[in-house]
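Q: Please take a close look at one helix and its packing partner in this structure, and then place that pair within the rest of the chain.

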Amino acid sequence: AELSELLNDQNMVTNLVIPHLEYVMDMIEKNIFRPLPLIKKTNAPSEMGMEEEEVILDPSWPHLQVSSSDLINNLKPIYEFFLQLIVNDAADVKSLKVYITHTFIQAFLELFDSEEPREREYLKNILHRLYAKLVPRRKMIRKAITDCFYTLIHENYKFNGAAELLDILASIISGFAVPLREEHVYFFKTVIIPLHKVQTCQLYHEQLLRCSMLFLSKDPSLAIPVKKVII
C-alpha cells in the first residue's frame, strides 16, 4: 500500500506508521537533508545585478516534490507526507519529540536557505506545526531560530528563509504573555532591532515590521530603541 494511503487510514497510522516511526523519520531525513546548491553571497542582490523579484529554482526540487520510484513507489511528495504525519492525531507529542532533536532542528533550519520558494513554504508550514504541537520543544526551536538570525546578522548578509522564519515568529510573538518575559525582551533587542540594519533587510522588511509591531503592542516602551534604528 502507498504511504499516502496509510495516512488516510487512522487504524493503519496507529498500528503501522507510529510503531515504525523511527524508520519513517529516517526516510524523511534521507530525502530532505542534503547540501544546498552553493550560491555566492558576497554581494547584495542590487550589487549582483539581480532584481529582488527574481527567483532561482533549485534543480533538485522536482525530486522533493515528486516521489522517487527507487525509494518508495508512488510516495506522496515528501514534504506533504511529513506535514500530514505531524498533524495526524496518532502522531502524539511523546512519539514525535523523540525525533525532533536539536540536531534535527538545526539541519531543518539550514534548509530554509533554499533558493526554492515552494520548498521554503513547506518548511515554514512544517516547522510551524511542529512548534504548535511539540510544547516541550518550543524553547529549543526558538533558540535554534535565534541562532539562525545571529548568523544572518553577524556573519552573512543574506538568508533566503528570513521572511518565512519571521512569519513563524509573528505567530509565536502574538502568543507571548504580558508583561513580556526577560528572554523575549532580550530577543527583541538582540535580534529584531539588529535585523533592521542588515544589508538585505528589504527582502524581509514586511515580516520584520509585523514582528516589531507585535512586540510594541505588548510593550510600548520598546518603541524607543525601534525609533533610534529607524532614525
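A: What follows starts with helix α5 and its contact with helix α8, then turns to the surrounding chain.

The model is predicted. The protein chain contains 13 helices and zero strands, so the order of elements from the N terminus is α-α-α-α-α-α-α-α-α-α-α-α-α. Of its 231 residues, 45% count as buried. Among contacts in the chain with a separation of 6 or more, 77% are between residues 24 or more positions apart.

Helix α5 covers residues 78-87. Seven of its ten residues are buried, so α5 is largely enclosed by the rest of the structure. The buried residues are Ile78, Tyr79, Phe81, Phe82, Leu83, Leu85 and Ile86. In soluble globular proteins, nonpolar side chains tend to be buried together.

The packing partner is helix α8, residues 117-133. The axes of α5 and α8 lie 10 Å apart, at an angle of about 15 degrees. Angles under 35 degrees count as roughly parallel, and α5 is therefore roughly parallel to α8. The crossing of α5 past α8 is left-handed. On the α5 side, the contact is made by Tyr79, Glu80, Phe82, Leu83, Ile86 and Val87. On the α8 side, the residues are Glu119, Tyr122, Leu123, Asn125, Ile126, Arg129, Leu130 and Lys133. Sorted by class, the contact of α5 with α8 has nine nonpolar, one polar and four charged residues.

One of the charged residues can be followed individually. Arg129 lies in helix α8 and is partly exposed, with a relative accessible area of 48%. Leaving aside neighbours within four places in sequence, Arg129 is in contact with Leu83, Ile86 and Val87. Val87 is 42 residues away from Arg129 along the chain, while their C-alpha atoms are separated by 7.2 Å.

A second helix pair can be described in the same terms. Helix α9 (residues 138-154) and helix α11 (residues 182-195) have axes that come within 9 Å and cross at roughly 30 degrees. That angle makes α9 roughly parallel to α11, and the crossing is left-handed. From α9, the contact involves Arg142, Thr146, Phe149, Tyr150, Leu152 and Ile153. From α11, it involves Glu183, His184, Tyr186, Phe187, Thr190, Val191, Pro194 and Leu195. The contact of α9 with α11 divides into nine nonpolar, three polar and two charged residues.

Phe149 and Leu195, from this second contact, also belong to the largest nonpolar core. That core has 71 residues, and Ile28, Leu127, Phe149, Leu165, Leu195 and Tyr204 touch the most other members. Helix α10 (residues 162-174) gives the most to this core, with nine residues. Leu165, beyond its neighbours within four places in sequence, is in contact with Leu109, Phe112, Leu127, Ile145, Cys148, Phe149 and Phe159.

The loop between α10 and α11 holds Pro179. A cis peptide bond joins Val178 and Pro179, with omega about 0 degrees. Most peptide bonds are trans.

Technical notes. Residues are numbered from 1 along each chain as its sequence is written. This is a predicted model: local features need pLDDT of at least 70, side-chain atom pairs count only at pLDDT 80 or more; totals for chains, interfaces and linings use all residues. Side-chain values use heavy atoms; hydrogens and water are left out. Axes are lines fitted to C-alpha atoms, for helices over the stretch in contact, and angles run from 0 to 180 degrees between N-to-C directions. Helices (H or I, at least four residues) and strands (E, at least two) are DSSP runs, numbered from the N terminus. Angles under 35 degrees count as roughly parallel, over 145 as roughly antiparallel, 65 to 115 as roughly perpendicular and the rest as oblique. A crossing is left-handed if the near helix is turned anticlockwise from the far one by less than a right angle, and right-handed if clockwise. Contact means heavy atoms within 4.5 Å. Ala, Val, Leu, Ile, Met, Phe, Trp, Tyr, Cys and Pro count as nonpolar, Asp, Glu, Lys and Arg as charged, and the others, Gly among them, as polar. A nonpolar core is a set of buried Ala, Val, Leu, Ile, Met, Phe, Trp, Tyr and Cys residues joined through side-chain atoms within 4.5 Å. Buried means under 20% relative accessible area, exposed over 50%, partly exposed in between (1.4 Å probe, protein chains only).
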